[in-house]
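Student: I would like a close look at a single part of this structure, taken slowly. Please choose one helix and explain how its residues are placed and what it packs against.

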Amino acid sequence: MKTLIIGAVAAALLHITPTVILVKRQDAVAHLLPGADQFAARELHLSSADSRKLHDAVGWEPPDGVVTFYVGKHQDQVTGALIFMRVDCQHGPLELAIGFGPQGTIRGVEVTKATVEMKPWVLEALRAGLTDSYRGLANDQAPAGAAKVKPQIGAMPVMHGAAAYRLFYGRR
């Protein structure tokens with residue numbers, strides 16, 4: 001029995017691939033919050049009603065009930081905000097940084113982390129312009145490509161962050 005348990009644990013550990021950094025968080029912040037020289041974390045603890053509202057909007061809610069926005073300022077003027085979103089996939093986690101301009105439009109999306117196994121696919125998708133269609137979108141607007149895949153996978157993680165921004169960032 002002990003050998004069976006050790007074998008199962010070893011098999012599970014051998015399949016887990018390490019996470020690699022594709023873009024350092026500070027580089028994503030600099031790119032998505034240009035001109036900002038002051039930064040603050042704005043942590044929003046969602047009530048169960050707020051979590052439900054977010055779930056109803058995009059079929060997602062933060063696992064710990066907390067959404068954290070990082071706000072950039074220059075001379076006390078907000079230059080934008082960003083949120084880091086973790087996406088759990090069958091091949092491991094991805095992390096995205098989603099930046100918003102001062103008016104709430106999506107400034108850009110950076111894939112900051114992926115697993116070793118996913119890295120080649122992610123880099124190929126990025127070279128093909130995967131995140132380009134999000135640039136300039138209002139936080140309540142879905143990109144055209146998202147409609148094609150929504151029946152199979154639901155709302156895209158970028159839209160999870162956009163919904164959190166739309167529903168909660170401006171009102172608190």
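Tutor: A residue counts as buried when its relative accessible area is under 20%, as exposed when that value is over 50%, and as partly exposed in between. The model is a predicted one. By that cut-off, 41% of the 172 residues of the protein chain are buried.

The setting comes before the helix. The protein chain holds six helices and six strands. Along the sequence they follow the pattern α-β-α-β-α-β-β-β-β-α-α-α. Among contacts between residues at least 6 apart in sequence, 63% join residues at least 24 apart.

The part to look at is α3, which spans 48-58. Buried residues in α3 are Asp-50, Ser-51, Leu-54 and Val-58. Seen down the axis of α3, these buried residues fall within an arc of 100°, so they line one face of the helix. An α-helix has 3.6 residues a turn, so residues three or four places apart point the same way. On the other side of α3, the exposed residues are Ser-48, Ala-49 and Asp-56.

Take one residue of the buried face, Ser-51, which lies in helix α3. Ser-51 has a relative accessible area of 8%, under the 20% cut-off, and is therefore buried. With its neighbours within four places in sequence left aside, Ser-51 is in contact with Leu-46 and Glu-61. After the helix comes Gly-59, which has a positive phi, near 70°.

Now the partner. The buried residues of α3 pack against α6, a helix that spans 157-169. Two packed helices are described by the angle between their axes and the distance between the axes. For α3 and α6, the axes come within 10 Å and cross at roughly 130°. Angles from 115 to 145 degrees count as oblique, so α3 and α6 are oblique to each other. Their crossing is right-handed. On the α3 side, the residues that meet α6 are Asp-50, Lys-53, Leu-54, Ala-57 and Val-58. They meet Met-159, His-160, Ala-163, Ala-164, Arg-166, Leu-167 and Phe-168 in α6.

Leu-54 therefore appears in two places: it is buried in α3, and it meets α6, as the definition of contact is heavy atoms within 4.5 Å. Leu-54 also belongs to the largest nonpolar core, which has 33 residues. Leu-54 is one of the residues with the most contacts inside that core, along with Phe-69, Ile-98, Phe-100, Ile-106 and Val-158. The elements that give two or more residues to this core are α3, β3 (66-74), β4 (77-89), β5 (92-100), β6 and α6. Of these, α6 gives the most, with nine residues. Apart from this core lies another, of nine residues, including Val-23, Val-29, Leu-82 and Ala-97. In soluble globular proteins, nonpolar side chains tend to be buried together.

For contrast, consider a residue outside the helices. Val-116 is in the loop between β6 (106-115) and α4 (119-127). Its relative accessibility is 43%, so Val-116 counts as partly exposed. Leaving aside its neighbours within four places in sequence, Val-116 is in contact with Thr-17, Pro-18 and Val-20. Val-116 and Thr-19 are 97 residues apart in sequence, and their C-alpha atoms are 6.1 Å apart in space.

Notes
Residues numbered from 1 in each chain as written. Predicted model: local features only at pLDDT ≥ 70, side-chain atom pairs only at ≥ 80, totals over all residues. Heavy atoms only, no water. Helix = DSSP H or I, 4+ residues; strand = E, 2+ residues; numbered from the N terminus. Buried < 20%, exposed > 50% of the residue type's maximum accessible area, 1.4 Å probe, protein only. Core = buried A, V, L, I, M, F, W, Y, C linked by side-chain atoms within 4.5 Å. Arc of directions from axis to C-beta. Axes fitted to C-alpha atoms, helices over the stretch in contact; angles between N-to-C directions. Parallel < 35°, antiparallel > 145°, perpendicular 65-115°, else oblique. Left-handed = near helix turned anticlockwise from the far one by under 90°.
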